[in-house]
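Open the model in your viewer and keep the selection tool at hand. We will go from stop to stop, and at each one I will tell you what to pick and what is there.

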Amino acid sequence: MLTPCSNCSRRGDDCLVNLSSSRCSACNDRNVKCDLIVSQPEWDRIDRDKEKLRRQLEKAEEDALEARSHALRLRRELAKVDSKEKEMFD
Ligand SMILES: [Zn+2]
Ligand SMILES: [Zn+2]
């Protein structure tokens with residue numbers, strides 16, 4: 001667990017690291033100095049979480065692409081059957 005910064009522990013707030021600011025979110029919001037110290041294992045964990053999310057996103061995007069090309073294939077298939085049907089009626 002992350003040790004809350006002194007501001008958060010005083011206020012009893014949740015101390016959440018803000019990666020873009022090296023401050024915690026609460027201090028970042030209040031724009032005050034933050035003495036949050038993130039230990040190396042904590043950074044590693046955050047990095048791992050980020051990496052995991054990135055991989056999940058890539059997978060989801062791949063799946064979406066796959067689904068789209070599948071839908072396209074089906075539409076072509078359907079169009080083919082459609083035109084065949086018309087030929088039969090002609
Ligand atoms: Zn904090
Ligand atoms: Zn803070």
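## First stop: Arg30 and its partner

Select Arg30, which counts as partly exposed because its relative accessibility is 35%; here buried means under 20% relative accessible area, exposed over 50% and partly exposed in between, with a 1.4 Å probe and protein chains only. Before going further, please note that this is a predicted model, in which local features need pLDDT of at least 70 and side-chain atom pairs count only at pLDDT 80 or more, while totals for chains, interfaces and linings use all residues. Residues are numbered from 1 along each chain as its sequence is written, chains are lettered from A and ligands numbered from 1 in the order in which they are written, and side-chain values use heavy atoms, with hydrogens and water left out.

Now add Asp13 to the selection. The side chains of Asp13 and Arg30 meet in a salt bridge, at 2.8 Å from N to O; the term stands for a side-chain nitrogen of Lys or Arg within 4 Å of a carboxyl oxygen of Asp or Glu. Arg30 lies in helix α2 and Asp13 in the loop between α1 (6-11) and β1, so the pair ties together parts that are 17 residues apart in sequence. Helices (H or I, at least four residues) and strands (E, at least two) are DSSP runs, numbered from the N terminus. Asp13 is partly exposed, with a relative accessible area of 29%.

## Second stop: Cys24 and its surroundings

Where does Cys24 sit? Pick it and you are in strand β2, residues 23-24. Its relative accessible area is 0%, so Cys24 is buried. Show the contacts of Cys24, where contact means heavy atoms within 4.5 Å. Leaving out residues up to four places away in sequence, Cys24 touches Cys5, Cys8, Cys15, Leu16, Val17, Asn18, Cys34 and Leu36. If you like distances, draw one from the C-alpha atom of Cys24 to that of Val38: the two are 14 residues apart along the chain and separated by 9.9 Å.

Two of the contacts of Cys24, Asn18 and Leu36, deserve a click of their own. Asn18 belongs to strand β1, residues 17-18, and counts as buried at 16% relative accessibility. With residues up to four places away in sequence set aside, Asn18 touches Arg23, Cys24, Ser25 and Asn28.

Leu36 is in the loop between α2 (25-30) and α3. Is Leu36 buried or exposed? At 10% relative accessibility, it counts as buried. The C-alpha atoms of Leu36 and Ser22 are 8.1 Å apart, with their positions 14 residues apart along the chain.

## Third stop: Asn31

Stay in the loop between α2 and α3 and select Asn31. Asn31 has a positive phi of about 60° although it is not a glycine. Most residues other than glycine have a negative phi. Asn31 is exposed, its relative accessible area being 56%.

## Fourth stop: pairs along helix α3

How many salt bridges does the structure hold? There are six. Side chains of opposite charge can pair when their charged atoms come close.

Select Arg45 and Asp49, whose side chains form a salt bridge at 3.4 Å, N to O. Both lie in helix α3, four residues apart, about one turn of the helix. Arg45 is partly exposed at 39% relative accessibility, and Asp49 is partly exposed at 35%.

Next pick Lys59 and Asp63, a salt bridge with its closest N and O atoms 3.1 Å apart. Here too, both residues lie in helix α3, four residues apart, about one turn of the helix. Then add Glu42 to Arg45 and Asp49: salt bridges that share partners join these three into one network.

## Last stop: two charged patches

Switch on the surface and select Glu58, Glu61, Glu62 and Glu66, which form a negative patch. Glu66 is in helix α3 (residues 40-89) and is exposed, with a relative accessible area of 55%.

Finish with Arg73, Arg76, Lys80 and Lys84, a patch of positive charge on the surface. Lys80 is also placed in helix α3, and it is exposed at 51% relative accessible area. Patches are made of residues with over 30% relative accessible area and no salt bridge, with like charges joined within 9 Å and nonpolar side chains (Val, Leu, Ile, Met, Phe, Trp, Tyr) within 5 Å.

Terms used
Accessible areas come from the Shrake-Rupley method with a 1.4 Å probe; for residues, only the protein chains shown count as cover. Lys and Arg count as positive and Asp and Glu as negative; His and the chain ends are not counted. The place of a charge is taken as NZ of Lys, CZ of Arg, CG of Asp or CD of Glu.
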